[in-house]
Amino acid sequence: MKITLPSSSLKKIVVATVLGACVLAGHIVLPVYAQPTSIVDQGGIDQSSLTAIPTRLGDDTSVKIKPGESRQVEVRVVNSSSKPMKIGTQAVDFTVGEDGATPVAITEKVGGSNRWSLASWLTMTPNEQTLQSGKIGLINVLIQIPDDALPGGHYAMITHQPVLGNATQDGQAVSAVNQKVGTLLYVVVDGPVNEEAYINNFMIPKYSEFGPVPFSFSVDNRSDVHITPKIGLTIRNMFGRTVETLQPETKNIFPFTSRVIEGKWEQIWGFGRYSAELKMSYGEQGKVVIQRTSFWLIPIKLLIALGIILLTLLAIIISVRRHILHRKEDQSQRIAELEQKLQELQKDKLQKFEE
């Protein structure tokens, strides 16, 4: 039996589906809101999207400002949809999620209670504009650092989103899924800062038969500013010779957060005990942290199989040798018996001749 839903019910189902997808997508958003804004109407789905440029600004500590001073930077937003769009821009503070990487916007006002707050120091011009399809909007961001600002890192998310309200399209009311894109702004307030970071939980399986050999560790940043550590992993064999040097990929680590870094040594075959030295340098002062561990890489099952094969071959060789030696002994004994019989015959013949 075929069931036909009213158009209004169909519209609600489509909207609910898209909203559910967006909620799920929100759990995997990486440093910037970068999901498209979708407009759903009775005629179908018109995908409308925004793009923020750049996704990060100042993460290389290039935006460093002294207390009481100001600086202006620029960000851009692109209307990648097929229709004109009115776009609003604002700044919000954020915290880092449990994974140490995903920023989570703080919607309530925090003012000076947040040690890393930056949003209240920012002024966006314009904070609202209409962009034609395919056009790029420029936003000037004025950063004004208070005289009593604490030295170190301060962070905000500059977000852009369509201003839809009671949206209409072709004279008809539409339902809208309103999402954001944005730029993470990193500002360092100049002054004396504490730089301190640690390597924790450096782990490699103590024994492996074959590679690749996985490893993992976490970097705990106790600094007043974000860091982008440079990390090198050196692997040496039992004779102390370097067999591999790896450089695990690292990203920004925010103050008072930890980030787990994983990787693997792609070596398949190995034999013996290996040592691993993890060296991390970070910060403007070039501080260095070193951690060491050791592990074994031995194909024990293969060695046992080879041992069994060698022992079997050795047993066969010994058995064949014994058989050959036994045959030689039998032949020697038979020859001796024949010689003895020949001597007896000669002796008997001689006795008969004398008689």
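## Cores, rings and a cavity in a predicted chain

Setting aside neighbours within four places in sequence, Ile143 is in contact (heavy atoms within 4.5 Å) with Val63, Ile65, Glu69, Ser70, Arg71, Val73, Leu118, Trp121, Leu122, Leu185 and Val187. This is a predicted model, in which local features need pLDDT of at least 70 and side-chain atom pairs count only at pLDDT 80 or more, while totals for chains, interfaces and linings use all residues. Residues are numbered from 1 along each chain as its sequence is written, and side-chain values use heavy atoms, with hydrogens and water left out.

The chain has two helices and 25 strands; helices (H or I, at least four residues) and strands (E, at least two) are DSSP runs, numbered from the N terminus. Of its 355 residues, 37% are buried, where buried means under 20% relative accessible area, exposed over 50% and partly exposed in between (1.4 Å probe, protein chains only). Among contacts with a separation of 6 or more, 73% are between residues 24 or more positions apart.

Ile143 also appears in the largest nonpolar core. A nonpolar core is a set of buried Ala, Val, Leu, Ile, Met, Phe, Trp, Tyr and Cys residues joined through side-chain atoms within 4.5 Å. The largest one has 28 residues, and those with the most contacts inside it are Leu118, Leu122, Val141, Ile143, Ile145, Leu185 and Val187. Elements giving two or more residues to this core include strand E12 (136-144) and strand E17 (181-189). E17 gives the largest share, four residues. A second, separate core of 24 residues includes Ile199, Ile227, Leu278 and Tyr282.

Aromatic rings are another feature of the chain. A pair of aromatic rings is described by the distance of the centres and the angle of the planes. Rings of Phe, Tyr and Trp (its six-membered ring) pair if their centres lie within 6.5 Å; planes under 30 degrees apart count as stacked, over 60 as edge-to-face and the rest as tilted. The structure holds 10 aromatic pairs, including the two in the table.

| Pair | Centre to centre | Angle between planes | Kind |
|---|---|---|---|
| Phe202 and Phe217 | 6.3 Å | 85 degrees | edge-to-face |
| Trp265 and Tyr274 | 5.5 Å | 65 degrees | edge-to-face |

Phe202 lies in strand E18 (residues 197-203) and Phe217 in strand E20, so their pair ties together parts that are 15 residues apart in sequence. Phe202 and Phe217 are both buried, and Trp265 and Tyr274 are both buried as well. Elsewhere, ring pairs link Phe94, Tyr155, Tyr186 and Phe254 into a cluster.

Trp265 also helps to line the largest cavity, together with Ile204, Val213, Pro214, Phe215, Leu233, Ile235 and Phe295. On a 1 Å grid over the protein atoms alone, a cavity is a set of points where a 1.4 Å probe fits but cannot get out, and lining residues have an atom within 4 Å of a point. A search of the whole structure finds one cavity of 30 Å³ or more, and the largest has a volume of about 30 Å³, a volume being the space filled by probe spheres set on the points. Strand E20 (213-221) and strand E21 (230-236) each supply at least two lining residues, and E20 gives the largest share, three residues. The lining has eight nonpolar residues, no polar and no charged; Ala, Val, Leu, Ile, Met, Phe, Trp, Tyr, Cys and Pro count as nonpolar, Asp, Glu, Lys and Arg as charged, and the others, Gly among them, as polar.

Technical notes: On a 1 Å grid over the protein atoms alone, a cavity is a set of points where a 1.4 Å probe fits but cannot get out, and a pocket is an open set with protein on both sides within 12 Å along at least five of seven lines; lining residues have an atom within 4 Å of a point.
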